[in-house]
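Q: Please take a close look at one part of this model and walk me through it step by step. I am new to it, so explain each term when it comes up.

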Amino acid sequence: MTDATIPALVPGERLLCGPGPSNVHPAVLEAMQLPMNGHLDPDFWDILVDLVTGLRSLWRRPQGGLTIALSSSGTSAMEAGFMNLVDPGDTVISCHWGFFGSRLNEFAQRVGANVIELTAELGQVVTVDRIMEALAAHPDAKIVSVVHAETSTGADFPLAALAEAMRSSDSEALLYADCVTSLGGQQVDADAWGIDYGYSCSQKALGCPPGIAPVTVSGRAVAAMQRHQSAVPYYYDFEELSKYWIDRPITYHHTMPILQYYALYTGIRLALEEGLEARWARNADAGRYFQDEIRSRGFELLADPDHQLVELTAVKVPEGVDGKEIQGRMLREHGIEVGGGLGPKAPPIWRVGLMGVNATRETADRVLGAFDAVLPR
Ligand SMILES: Cc1ncc(COP(=O)(O)O)c(C=O)c1O
């Protein structure tokens with residue numbers, strides 16, 4: 001028998017300006033060609049020590065708690081926190097206003113939580129006051145979960161304000177924050193704000209390939225994980241993971257995707273060398289520039305202007321225009337990926353992301369130029 005062969009890979013060049021992944025930084029790609037160590041090589045453990053320092057700087061949690069990364073995409077970290085923190089019947093105040101918040105809500109239900117849902121229209125966010133009222137009505141709540149940057153709508157939630165309100169209340173609820181699109185692209189201050197369980201991804205503002213999820217757990221959330229009763233899937237058990245990431249001598253947990261961690265290491269090093277404040281300012285400048293320009297062409301944005309993300313802009317598809325066709329032409333004729341609406345409830349929108357290396361006015365101009373070329377004014 002002759003086994004069929006497959007052709008050599010020839011992926012097309014793309015400018016990735018959708019909701020993620022963004023283009024990988026060239027230095028990150030280079031790092032993935034460095035000599036690969038094994039996951040039980042003591043030299044790799046030293047790399048991990050530096051990586052943890054970098055992750056801590058990125059999250060702004062220089063010490064305390066647990067800050068590591070999961071060898072799987074953002075969704076895994078979304079779910080892992082509930083699996084490690086919530087026992088059936090625990091109350092979770094689940095705030096959602098888009099696809100990712102709804103998914104987080106589903107994960108809370110899957111672990112058997114008593115889920116109190118607070119929702120808002122697409123493009124809006126639930127107010128901090130409403131969340132604090134719900135907390136007052138449910139003083140036993142264990143977790144308040146929110147999405148900082150809702151990539152499905154472009155809505156930016158005032159996480160700092162919620163964190164401050166929770167800190168100054170009597171509530172002992174843990175703050176559970178999806179920072180998948182925000183970490184590295186806008187301010188995220190785990191310690192100063194008091195994020196108890198925060199998670200992100202590698203493929204957006206950090207400019208790395210997809211597949212790794214940075215996670216930070218506060219000291220009190222680590223204590224809550226230790227009190228947690230239900231069985232936790234081994235792969236996502238933070239107690240087991242910390243025996244590999246933190247404790248020495250190391251205990252084998254799983255074979256790490258080493259080259260992906262070289263990539264993350266380099267993406268974080270570049271972010272810290274640029275300076276987090278400078279990076280947030282670059283992202284804000286590119287996002288606001290794109291938003292001003294697209295609005296000046298007569299397009300409307302989905303998100304409430306008071307809650308407009310910088311990393312992602314959801315542009316409403318004008319009536320009479322086939323959004324999918326335009327998206328396809330951007331890709332085929334200009335090599336530019338932009339996103340469409342996500343999920344069955346999505347209105348007709350294009351989602352334009354300027355993240356990582358693409359958070360520049362030059363990239364914004366390339367996307368605008370392509371829109372100008374394919375869209376009749
Ligand atoms: C806000 C948000 N949360 C969670 C996720 C899931 O992350 P991943 O696709 O890396 O699993 C995404 C992905 O786009 C996201 O934008």
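A: What follows describes one domain, its boundary with the other, and then some parts of that other domain for context.

The model is predicted, so local features are described only at pLDDT of at least 70 and side-chain atom pairs only at pLDDT 80 or more, while totals for chains, interfaces and linings use all residues. Residue numbers start from 1 along each chain as its sequence is written.

The domain assignment divides the protein into domain 1, made of 15-21 and 277-374, and domain 2, which covers 26-272. Such bounds come from an automatic or database domain assignment. Domain 1 is the part to look at closely. Its C-alpha centre lies 26 Å from that of domain 2. Across the boundary, 26 residues of domain 1 are in contact with 25 residues of domain 2, contact meaning that C-beta atoms placed from the backbone lie within 7 Å. On the side of domain 1 that touches domain 2, α11 (276-296) and β11 (312-316) each supply at least two residues. Helices here are DSSP runs of H or I with at least four residues, strands are runs of E with at least two, and both are numbered from the N terminus. By class, this side of domain 1 has 16 nonpolar, 7 polar and 3 charged residues. Ala, Val, Leu, Ile, Met, Phe, Trp, Tyr, Cys and Pro count as nonpolar, Asp, Glu, Lys and Arg as charged, and the others, Gly among them, as polar.

The helix α11 also has a partner in α13 (residues 361-374): their axes come within 9 Å and cross at roughly 30 degrees. The axes are lines fitted to C-alpha atoms over the stretch in contact, with angles from 0 to 180 degrees between N-to-C directions. The two helices, α11 and α13, are therefore roughly parallel to each other, a label for angles under 35 degrees, as against roughly antiparallel over 145, roughly perpendicular from 65 to 115, and oblique for the rest. Their crossing is right-handed; in such a crossing the near helix is turned clockwise from the far one by less than a right angle, and anticlockwise in a left-handed one. On the α11 side the contact involves Asp285, Ala286, Tyr289, Phe290, Glu293 and Ile294, and these meet Arg361, Thr363, Ala364, Val367 and Leu368 in α13. The residues of this contact divide into 7 nonpolar, 1 polar and 3 charged.

The strand β11 belongs to an open sheet of 3 strands, ordered β11-β14-β13, with antiparallel pairing. Strands count as paired when DSSP finds at least two bridges between them. Both β11 and β13 (339-340) have a single partner strand and stand at the edges, so each has one side without a neighbour in the sheet. Between β11 and β14 (residues 349-353) there are 5 bridges, and the two strands run antiparallel. One bridge sets lysine 316 against isoleucine 349 in β14.

Next comes a local detail of the backbone. Glycine 20 is joined to proline 21 by a cis peptide bond, with omega near 5 degrees. Proline 21 lies in the loop between β1 (15-16) and α1 (26-31).

For context, here are some parts beyond the first sheet. An open sheet of 7 strands runs in the order β2-β10-β9-β8-β5-β3-β4, and its pairing is mixed. Its edge strands, β2 (66-70) and β4 (114-119), each pair on one side only. Direction ignored, neighbouring strands in this sheet are turned by 15 degrees against each other on average. β2 pairs with β10 (residues 213-217) in the antiparallel sense over 5 bridges, and isoleucine 68 stands opposite valine 215 in β10.

Another cis peptide bond links arginine 248 to proline 249, with omega about 0 degrees. Proline 249 is placed in the loop between α9 (238-245) and α10 (258-274). Arginine 60 is not a glycine, yet has a positive phi of about 60 degrees; arginine 60 sits in the loop between α2 (42-59) and β2.

Terms used
Contact = placed C-beta atoms within 7 Å.
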